[in-house]
Amino acid sequence: MRNMRLMVQGAKVLALGVAAAGCSSIKDHRGYIVDEVLVSSVQPGVDNRQSVERTLGRPTFTSPYGTQTWYYVSQNTEQKPFNRPRTKDQNVLVVNFDGKGNVASLSREGMEKVARISPESDKTPTLGRDRSFFEDLFGNIGAVGAIPGGQGQAPGGTGPNGS
């Protein structure tokens with residue numbers, strides 16, 4: 001009897017532990033892993049594209065136009081149960097190159113570049129007038145084949161449909 005009671009209590013504790021683990025938040029790192037020693041070794045006027053790639057690796061993305069700029073992006077996210085992941089911390093290392101391919105400058109950007117957007121979930125706003133369901137459904141009745149200007153005559157032009 002005593003062993004049975006201990007097994008039931010053990011099962012309760014195990015079930016409580018599993019339930020509590022399901023309510024914990026998930027923390028994740030996305031993108032570039034910043035190594036401060038390597039970043040500090042890149043010097044403007046000394047390094048070029050090839051040496052930066054050898055030191056820091058390939059960038060997360062590059063600028064498609066204008067001056068050549070490389071971006072190394074890293075984010076720390078947290079996801080609470082039944083919610084979407086949210087950015088808790090962001091670090092962007094920006095490496096600008098001059099016309100010859102040498103490092104012109106390095107800078108860092110953080111959370112000020114994170115934009116939180118909330119799109120309309122139930123409808124998409126569009127230009128034009130607002131019409132009801134019935135106006136959409138029955139709005140073209142009588143419009144198909146109607147004579148322009150409503151003068152009772154068909155168009156008499158030289159085109160294929162008489163216009």
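These legends go with an overview and a set of close-ups of one predicted model.

**Figure 1. The whole chain, seen as a run of helices and strands.** The protein chain has four helices and five strands. Read from the N terminus, the elements go α-β-α-α-β-β-β-β-α. The chain counts 163 residues, and 17% of them are buried. Its accessible surface adds up to about 13,200 Å², with 55% of that belonging to carbon and sulfur atoms. As for contacts with a separation of 6 or more, 43% are between residues 24 or more positions apart.

**Figure 2. Arg 108 and Glu 36 pair up through their side chains.** The structure has four salt bridges, and this view picks out the one between Arg 108 and Glu 36, at 2.8 Å from N to O. Arg 108 sits in strand S5 (residues 103–109) and Glu 36 in helix H2 (residues 36–41), so the bridge ties together parts that are 72 residues apart in sequence. Both ends can be seen from outside to some degree: Arg 108 is partly exposed at 39% relative accessibility, and Glu 36 is partly exposed at 46%.

**Figure 3. Glu 78 reaches Lys 88 from one strand to another.** Here the N to O distance of the salt bridge is 3.7 Å. Glu 78 belongs to strand S3 (residues 69–79) and Lys 88 to strand S4 (residues 86–97), so the pair links parts that are ten residues apart in sequence. Is each partner buried or partly exposed? Glu 78 is buried, with a relative accessible area of 16%, because the cut-off for buried is under 20%. Lys 88, on the other hand, is partly exposed at 49%.

**Figure 4. Glu 53 and Arg 58 make another salt bridge.** The closest N and O atoms of this pair are 3.3 Å apart. Glu 53 is partly exposed, with a relative accessible area of 31%, while Arg 58 counts as exposed at 66%. In general, side chains of opposite charge can pair when their charged atoms come close.

**Figure 5. Thr 87 sits in strand S4 with plenty to list around it.** Thr 87 is buried, at 15% relative accessibility. Leaving aside residues up to four places away in sequence, Thr 87 touches Gln 75, Asn 76 and Thr 77, along with Met 111, Val 114 and Arg 116. Strand S4 also holds Lys 88, the partner of Glu 78 in Figure 3.

**Figure 6. Gly 31 in strand S1.** Strand S1 covers residues 26–31. Gly 31 is exposed, with a relative accessible area of 54%, and it still touches Val 73 and Ser 74, not counting residues up to four places away in sequence. Have a look at Thr 60 as well: its C-alpha atom is 7.3 Å from that of Gly 31, although the two are 29 residues apart along the chain.

**Figure 7. A nonpolar patch on the surface.** Which residues form this patch? They are Phe 133, Phe 134, Leu 137, Phe 138 and Ile 141, and together they have about 610 Å² of accessible area. Phe 138 lies in helix H4, which spans residues 133–138. At 47% relative accessibility, Phe 138 counts as partly exposed.

Note on methods. Residues numbered from 1 in each chain as written. Predicted model: local features only at pLDDT ≥ 70, side-chain atom pairs only at ≥ 80, totals over all residues. Heavy atoms only, no water. Helix = DSSP H or I, 4+ residues; strand = E, 2+ residues; numbered from the N terminus. Buried < 20%, exposed > 50% of the residue type's maximum accessible area, 1.4 Å probe, protein only. Contact = heavy atoms within 4.5 Å. Patch = residues over 30% accessible without salt bridge, like charges linked within 9 Å, V, L, I, M, F, W, Y side chains within 5 Å. Areas by Shrake-Rupley, 256 points an atom, 1.4 Å probe, with all protein chains shown as cover.
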